[in-house]
Amino acid sequence: FNTTNVLLDIESYRGGIGMKIGAEKYTYRFLLDLLINTDFSPFSISAGAALEKHFISGPISPYWGGLVEVGFTNLKNEIDADNWTQATTVPFTLGGIFGIELFVFEFLSLFVEYNLKLSFAFNINKTSVAGSISKDNEFSYNLDLGMGNNSMIGIVIYLARKE
């Protein structure tokens, strides 16, 4: 969940689900994120994986690692049937992560993280003015340092006992 959900911003819904698998030295995290906004028709879905290496095992466990993610975003802003803009983006992201996992209970933890990510995207922009549609394609890239996990607080429920 993200902070807008906590603050009851019911115009948009964003969340994700994932799975963590612990190995001897590393933890693998797989995720699926979804964004739906009721105001102006954006839709976004992304799938990814992260590799975590924890420095310290305990109630507060910092970690570092890497991530890979691919997604699809469609944003349509419609004035009427003949006048609208639509942006479709297909991004691919590689990056490094640094985070902290806080164990509330032995079976429940919260995590937040920062990441440095390099994103490549193919963008398709369409515009309709009085029914006449124009289309523009472009390739873009972006280097970004900021909140990881799509700016969401992660909640982990451990089904197997942590040793």
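## Contacts along the chain

Residues 24 or more positions apart supply 54% of the contacts in the chain that have a separation of 6 or more. The model behind this value is predicted.

## Layout and surface

The chain holds one helix and eight strands. Their order along the sequence is α-β-β-β-β-β-β-β-β. The helix therefore comes before the strands in that order, with strands counted from the N terminus.

The chain has 163 residues, and 28% of them are buried. About 10,500 Å² is exposed. Carbon and sulfur atoms supply 65% of that area.

## Strand S6 and its partners

Strand S6 covers residues 108-129. Three pairings of S6 are described here, with S5, S7 and S8.

Strand S5 spans residues 83-105 and runs antiparallel to S6. The two are paired over 21 bridges. A hairpin links S5 to S6 through two residues. Within this pairing, isoleucine 97 faces asparagine 115 of S6.

Strand S7, residues 132-147, is also antiparallel to S6. Here 16 bridges join the strands. Alanine 121 sits opposite serine 140 in S7, and valine 129 sits opposite serine 132 in S7. The hairpin of S6 and S7 has two residues between the strands. In this hairpin, alanine 130 has a positive phi near 55°.

Strand S8 takes in residues 154-157. Four bridges pair S8 with S6, again in the antiparallel sense. Phenylalanine 111 has glycine 154 in S8 as its bridge partner.

## Asparagine 115 and isoleucine 97

Where does asparagine 115 lie? Asparagine 115 is part of strand S6. Is asparagine 115 buried or exposed? Its relative accessible area is 5%, so asparagine 115 is buried; the cut-off for buried is under 20%.

Leaving out residues up to four places away in sequence, asparagine 115 touches Leu67, Gly96, Ile97, Asp144, Leu145, Gly146, Met147, Gly148 and Asn149. Ile97 is in that list, and isoleucine 97 is also the residue opposite asparagine 115 in the strand pairing.

Isoleucine 97 has contacts of its own beyond four places in sequence. They include Arg29, Ala50, Leu51, Glu52, Tyr63, Trp64, Gly65, Gly66 and Leu67. Glu113, Tyr114 and Asn115 are also in contact with isoleucine 97.

## The nonpolar core

Which residues form the largest nonpolar core? There are six: Ala50, Tyr63, Leu67, Ile97, Phe111 and Val156. Several of these names have come up already. Ala50, Tyr63 and Leu67 are among the contacts of isoleucine 97. Phe111 is the residue bridged to glycine 154 in S8.

## Methionine 19

Methionine 19 is placed in strand S1, residues 12-22. Why does methionine 19 count as partly exposed? Its relative accessible area is 46%, so methionine 19 is partly exposed; the cut-offs are under 20% for buried and over 50% for exposed.

Methionine 19 and arginine 29 are ten residues apart in sequence. In space, their C-alpha atoms are 5.6 Å apart. Arg29 is also a contact of methionine 19, along with Tyr28 and Phe30, when neighbours within four places in sequence are left aside. Arg29 appears among the contacts of isoleucine 97 too.

How values were computed
Residues numbered from 1 in each chain as written. Predicted model: local features only at pLDDT ≥ 70, side-chain atom pairs only at ≥ 80, totals over all residues. Heavy atoms only, no water. Buried < 20%, exposed > 50% of the residue type's maximum accessible area, 1.4 Å probe, protein only. Contact = heavy atoms within 4.5 Å. Areas by Shrake-Rupley, 256 points an atom, 1.4 Å probe, with all protein chains shown as cover. Pairing = 2+ DSSP bridges. Core = buried A, V, L, I, M, F, W, Y, C linked by side-chain atoms within 4.5 Å.
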